[in-house]
Amino acid sequence: MRALALDFRRRAPAVFDIAEPPPPPPGHALLEIHEIGICGTDRELASFSYAAPPEGESTLVLGHEALARLVHDAPPFLKGDWVVPMIRRPCAPACASCSALRPDLCLTGNYLERGITRAHGYFTRFAVDPVGVLIPVPAALVDVAVLAEPLSVVEKAIATALRLHPLAPRTATIAGAGPIGLLTAFALQARGLSPTVVSLEPEDHPRVLTLRRASIPYLRNHSPAPADLVFEASGARPHPEWLAPLGVLLLIGASIHTVPLDPVRMIVGNLSAAGIINAGPAHFAAAFDDLARIPRPWLDSLLLRRAFDDWPASLAGPTAAPKPVHHLK
């Protein structure tokens with residue numbers, strides 16, 4: 001079967017023929033992959049910035065945002081059930097977080113991540129996974145379920161922000177109008193907060209028009225009013241100065257820039273900051289809750305569906321629709 005993988009010898013992505021997986025052992029499921037989402041992480045991996053193949057191998061199959069269907073019964077799932085797999089696998093021996101079924105909070109950094117580091121991903125026809133990492137997809141949400149994995153990270157960020165803020169936050173600023181930034185804005189608005197998105201896209205860009213249709217204010221490359229919550233989702237320099245007193249800064253987009261946190265202002269303003277990566281089962285559940293209540297036209301505007309063989313265009317750079325999604329059948 002075909003697979004899109006990173007070739008660590010040639011230092012380039014390429015399509016390989018790989019063997020189909022063997023029959024799964026008890027407690028595991030054989031998955032037929034139907035859709036794969038491509039994000040900025042995949043583009044960074046394709047530049048070999050931090051990707052790592054499984055031990056003893058020279059390739060890494062890409063794809064960590066997957067929608068799949070069960071080929072056979074695998075209790076509690078039945079043949080034909082739609083699922084989204086979580087991507088991180090616990091370290092071994094398991095740390096306290098991984099033992100508590102929270103590898104997203106791994107203490108050692110020795111976890112595996114399918115399609116990212118030391119474990120093959122899903123950009124191929126079939127894969128095998130433990131049933132415990134599979135999230136069931138409601139039938140009404142199959143067409144947008146490929147957004148569940150990126151949205152789960154947003155849900156973790158929002159849950160962390162609400163936990164850290166001492167009162168009831170009302171306003172939020174999101175830096176970046178990529179898929180994470182737009183999903184953050186939609187999810188916050190669904191909770192009754194007032195989000196504003198700050199990014200570099202021109203006013204007539206399709207992503208900006210989507211924000212306008214959702215009545216979410218957009219600012220092009222200039223500072224907003226201080227907000228209760230600030231989500232850095234662009235991978236650029238964070239902006240702690242955008243925080244109102246008691247505010248919380250959430251770092252979602254990986255940045256190589258120094259975070260300019262003024263300790264006096266942090267103390268006097270009772271400010272907090274947190275970094276977010278990966279997600280747990282509760283965050284996937286929250287993602288499906290939000291996918292059900294965010295208006296479908298807004299979600300559809302994020303998706304650009306492509307065939308398997310169009311992967312070079314998706315890895316080359318961002319598109320007007322922020323989320324390329326590849327059909328694998």
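How many bridges join S3 to strand S10, and in which direction do the two run? The points below take up that question and then move outward to the other sheets and to the protein as a whole.

1. The model is predicted, and the remarks that follow should be read with that in mind. On the opening question, S3 and strand S10 (residues 126-130) are joined by 5 bridges and run antiparallel. Within this pairing, the residue that stands opposite His28 is Pro130 in S10.

2. Strand S3 also pairs elsewhere, since 6 bridges join it to strand S5 (residues 65-70), again in an antiparallel arrangement. Here Glu32 has Arg69 of S5 as its bridge partner, a pair that can be used to find the register of the two strands in the viewer.

3. A further set of 3 bridges connects S3 to strand S19 (residues 323-327), and these two strands likewise run antiparallel. Gly37 of this pairing stands opposite Val325 in S19.

4. Is strand S3 largely enclosed or left open by the rest of the structure? Of the 10 residues of S3 (residues 28-37), 9 are buried, which is to say that they have under 20% relative accessible area, and the strand is therefore largely enclosed by the rest of the structure.

5. A separate point concerns the open sheet of 6 strands, whose order is S14-S13-S12-S15-S16-S17 and whose pairing is parallel. Its edges are taken by strand S14 (218-220) and strand S17 (272-275), and because each of these has a single partner strand, one side of each is left without a neighbour in the sheet. On average, neighbouring strands of this sheet are turned by 20° against each other, with direction ignored.

6. At the S17 edge, strand S16 (residues 243-251) is joined to S17 by 4 bridges, the two strands running parallel. Leu251 can serve as a reference position in this pairing, as it stands opposite Gly275 in S17.

7. Which helix lies across strands of this sheet, and at about what angle does it run to S16? Helix H3 (residues 148-164) lies across strand S15 (227-232), S16 and S17, and its direction makes an angle of about 150° with that of S16.

8. Another open sheet has 3 strands in the order S2-S1-S4, with antiparallel pairing. Strand S2 (12-17) and strand S4 (59-61) form its edges, each of them pairing on one side only, while the twist from one strand to the next averages 40°. Strand S1 (residues 2-7) is joined to S2 by 6 bridges, the two running antiparallel, and Ala3 stands opposite Phe16 in S2.

9. Turning to the whole protein, there are 9 helices and 19 strands. The radius of gyration is 20 Å, close to the 20 Å that the globule rule gives for 329 residues, so the protein is as compact as a globular protein of that length. Along the principal axes, the C-alpha trace spans about 60 × 45 × 40 Å.

10. Two further totals describe the interior and the contacts: buried residues make up 55% of the 329 residues, and, among contacts with a separation of 6 or more, 65% are between residues 24 or more positions apart. As to the surface, the protein exposes about 14,200 Å², of which carbon and sulfur atoms supply 59%.

Methods:
Residues are numbered from 1 along each chain as its sequence is written. This is a predicted model: local features need pLDDT of at least 70, side-chain atom pairs count only at pLDDT 80 or more; totals for chains, interfaces and linings use all residues. Side-chain values use heavy atoms; hydrogens and water are left out. Two strands pair if DSSP finds at least two bridges between them. Axes are lines fitted to C-alpha atoms, for helices over the stretch in contact, and angles run from 0 to 180 degrees between N-to-C directions. Contact means heavy atoms within 4.5 Å. Buried means under 20% relative accessible area, exposed over 50%, partly exposed in between (1.4 Å probe, protein chains only). The radius of gyration is taken over C-alpha atoms; the globule rule is 2.2 Å times the number of residues to the power 0.38. Accessible areas come from the Shrake-Rupley method with a 1.4 Å probe; for residues, only the protein chains shown count as cover.
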